[in-house]
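Q: I am new to this structure and would be grateful for a close look at a single part of it. Which residues line the largest pocket, and which elements supply the lining? Please also set this part against the rest of the chain.

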Amino acid sequence: ANLEHIINRTDDEIVVIQKRLDTHNSQLKKTETEIIPPIHVETRSLDSQIELLEEEMGTELSDTLSEEEQDMLKQLKKTQSDLEIEMEKQTHTLEEISVERERLQSLLEDNLLKKLRELEEENSGTSSLGRRSKGKSAAENTAAAMAKRQEDLEQRQRELIDATKASEEIEAKLNEAKKEDGGL
């Protein structure tokens, strides 16, 4: 009797467990057929929306602009393009002028040092010779050489000043173009 009672109880438990299993399987099938497909459709829809948005990224939303705003946008783009081209030109010109300025500065310094050495040599040579025999002609030669060198020096200084002014003008134009470009 005890054994029969245990077997009946076990059979009842098996039936209850089987009913629970059937209920779970039914819920699983319902989830698979009714819930998961709409979620798949929704995820596909979201994926396609993401793709569309990614395609739109980086493009202009000019379709939403009024005709006046579209014209202004075109004008601003043209202005920006023109300013970028002008900036490139001015940058190139500035670089050329800077190189020329450095060349002239170096040339001026080299010439000044060379003339200084020559004058020092002439002064030391003519001062001893001038006392002995040549006197006035050496002094005239020295004065003429100094005048020539002074003219050369002044010419080089004018060239340097002109190159500096041109460089500063180009730099100012470049800064102005950068400001205008930054304002866009």
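A: Among the contacts in this chain between residues at least 6 apart in sequence, 80% join residues at least 24 apart. The model is a predicted one, and the chain contains three helices and zero strands. Read from the N terminus, its elements follow the order α-α-α. Of the 184 residues, 11% count as buried.

Against this background, the part in question may be described. The largest pocket has a volume of about 170 Å³. Its lining consists of L108, N111, L112, K115, L119, M146, R149, Q150, D152, L153 and R156. Two helices, α2 (67-132) and α3 (136-183), each supply at least two residues of that lining. The greatest contribution comes from α3, which gives six residues. In chemical character, the lining comprises five nonpolar, two polar and four charged residues. Leucines such as L108 and L112 are therefore found in the lining alongside charged residues such as K115 and R149.

Two of the charged residues in the lining, D152 and R156, also take part in salt bridges. As a general matter, side chains of opposite charge can pair when their charged atoms come close. D152 forms a salt bridge with K148, and the closest N and O atoms of the pair are 3.2 Å apart. Both residues belong to helix α3 and stand four residues apart, which amounts to about one turn of the helix. D152 is partly exposed, with a relative accessible area of 28%; K148 is likewise partly exposed, at 46%.

R156, for its part, is joined by a salt bridge to E159, with 3.8 Å between the closest N and O atoms. This pair, too, lies within α3, its members being three residues apart, or about one turn of the helix. E159 has a relative accessibility of 25% and so counts as partly exposed, and R156 falls in that class at 27%.

The structure holds five salt bridges in total. One that involves another helix is formed by E13 and R9, whose closest N and O atoms are 4.0 Å apart. Because E13 and R9 are four residues apart in helix α1 (residues 2-56), about one helical turn separates them. E13 is partly exposed, its relative accessible area being 43%, whereas R9 is exposed at 51%.

The helices that line the pocket also contribute to a buried region. The largest nonpolar core is made up of six residues: M87, L94, I97, I170, L174 and A177. Helices α2 and α3 each supply at least two residues of this core. One of its members, I97, is in contact with A163, A166, S167 and I170, when neighbours within four places in sequence are left aside.

Taken together, α2 and α3 supply residues to the lining of the largest pocket. Within that lining, D152 is paired with K148, and R156 is paired with E159.

Technical notes: Residues are numbered from 1 along each chain as its sequence is written. This is a predicted model: local features need pLDDT of at least 70, side-chain atom pairs count only at pLDDT 80 or more; totals for chains, interfaces and linings use all residues. Side-chain values use heavy atoms; hydrogens and water are left out. On a 1 Å grid over the protein atoms alone, a cavity is a set of points where a 1.4 Å probe fits but cannot get out, and a pocket is an open set with protein on both sides within 12 Å along at least five of seven lines; lining residues have an atom within 4 Å of a point. Grid points are joined across faces, edges and corners, and a volume is the space filled by probe spheres set on the points. A nonpolar core is a set of buried Ala, Val, Leu, Ile, Met, Phe, Trp, Tyr and Cys residues joined through side-chain atoms within 4.5 Å. Buried means under 20% relative accessible area, exposed over 50%, partly exposed in between (1.4 Å probe, protein chains only). Contact means heavy atoms within 4.5 Å. A salt bridge is a side-chain nitrogen of Lys or Arg within 4 Å of a carboxyl oxygen of Asp or Glu.
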